[in-house]
Amino acid sequence: MPDYNQTQYWFDQLLDHYDYTQTKTWKQRYWVIDKFYNATAGPVYLFICGEYTCSGVPKARQWVILLAQQTQGLILIVEHRFYGQSMPFGVDSLALNNLKYLTV
């Protein structure tokens, strides 16, 4: 397996993607693996963690690392909303009135 680093970041994500008048945001966690990236020719791979606490690309899913290495690709890993540390309302995220924002 190639050597690489996963750098963790946060971005401001819209809370409600269906109501265009709402501008409320929350912090969603993501990672970047750019060791193999060739910005002039490489593809970008979006790896969305499942319904669990994400910590980057899991050891059981290293295929995306090999793919990026072979194609000079960039990998973006996103933690699923309402899981892990990507909880829009913190400990209150799973309250019934907040689950209406748990959408795809």
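**Stop 1: the helix and its strands**

Select helix H1, residues 63-71, and then show strand S2 (25-33), strand S3 (44-48) and strand S4: the buried residues of H1 pack against these three strands. Keep in mind as you click around that this is a predicted model.

Which residues of H1 are the buried ones? Colour Val64, Ile65 and Ala68 and you have them. Now turn the view until you look straight down the axis of H1. The buried residues fall within an arc of 105 degrees, so they line one face of the helix. A general rule helps here: an α-helix has 3.6 residues a turn, so residues three or four places apart point the same way.

Next, add Trp63 and Gln70 in another colour. Both are exposed, and they sit on the other side of H1. Before you leave, click on glutamine 72, which follows H1. Its phi is positive, near 60 degrees.

**Stop 2: zoom out**

Show the whole protein chain as a cartoon. You should be able to find 1 helix and 4 strands. In what pattern do they come along the sequence? Trace the chain from its start and you will read β-β-β-α-β.

If you like to have a sense of scale, the C-alpha trace spans about 45 × 30 × 20 Å along its principal axes. The chain has 104 residues, and 35% of them count as buried. Switch on the surface for a moment: the accessible surface comes to about 6700 Å², and 54% of that belongs to carbon and sulfur atoms. The chain also brings together residues that are far apart in sequence. Among contacts between residues at least 6 apart, 61% join residues at least 24 apart.

**Stop 3: pairs of opposite charge**

Side chains of opposite charge can pair when their charged atoms come close. How many salt bridges does a search of the whole structure find? The answer is 2, and you can visit each of them.

Start with aspartate 12 and lysine 27, shown as sticks. Their closest N and O atoms are 2.7 Å apart. Aspartate 12 belongs to strand S1 (residues 7-14) and lysine 27 to strand S2, so this pair links distant parts of the chain, 15 residues apart. Are these two residues buried, exposed or in between? Aspartate 12 counts as partly exposed because its relative accessibility is 47%, and lysine 27 counts as partly exposed at 46%.

Now select glutamate 79 and arginine 29. Here, too, the closest N and O atoms of the salt bridge are 2.7 Å apart. Glutamate 79 lies in the segment after S4 and arginine 29 in strand S2, so the pair ties together parts that are 50 residues apart in sequence. Hide the rest of the chain to see this pair, since both partners are buried: glutamate 79 has a relative accessible area of 0%, and arginine 29 has one of 5%.

**Stop 4: serine 86**

Stay where you are and add serine 86, which lies in the segment after strand S4 (74-78). Is serine 86 buried or exposed? It counts as buried, with 0% relative accessibility.

What does the side chain of serine 86 reach? One of its polar atoms lies 3.0 Å from the backbone nitrogen of arginine 29. Leaving aside neighbours within four places in sequence, serine 86 is in contact with several residues, including Trp26, Lys27, Gln28 and Glu79. Then try your distance tool on C-alpha atoms: those of serine 86 and cysteine 54 are separated by 9.2 Å, with their positions 32 residues apart along the chain.

**Stop 5: further along the segment after S4**

Move on to asparagine 98, which is also placed in the segment after S4. Asparagine 98 counts as buried, at 10% relative accessibility. Look for the backbone oxygen of aspartate 92, which lies 2.8 Å from a polar atom of the side chain of asparagine 98. Beyond its neighbours within four places in sequence, asparagine 98 is in contact with Phe82, Phe89, Asp92 and Ser93.

For the last selection, turn the surface back on and colour Leu94, Leu96, Leu99 and Leu102. Together they make a nonpolar surface patch of about 400 Å². One of them, leucine 94, lies in the segment after S4 and is exposed, with a relative accessible area of 57%.

How values were computed. Residues are numbered from 1 along each chain as its sequence is written. This is a predicted model: local features need pLDDT of at least 70, side-chain atom pairs count only at pLDDT 80 or more; totals for chains, interfaces and linings use all residues. Side-chain values use heavy atoms; hydrogens and water are left out. Helices (H or I, at least four residues) and strands (E, at least two) are DSSP runs, numbered from the N terminus. Buried means under 20% relative accessible area, exposed over 50%, partly exposed in between (1.4 Å probe, protein chains only). Contact means heavy atoms within 4.5 Å. A polar contact is a pair of N or O atoms within 3.5 Å; within protein, one must be able to donate a hydrogen and the other to accept it, and residues adjacent in sequence count only if both atoms are side-chain atoms. Patches are made of residues with over 30% relative accessible area and no salt bridge: like charges are joined within 9 Å, nonpolar side chains (Val, Leu, Ile, Met, Phe, Trp, Tyr) within 5 Å. Accessible areas come from the Shrake-Rupley method with a 1.4 Å probe; for residues, only the protein chains shown count as cover. A salt bridge is a side-chain nitrogen of Lys or Arg within 4 Å of a carboxyl oxygen of Asp or Glu. The arc is that of the directions from the helix axis to the C-beta atoms.
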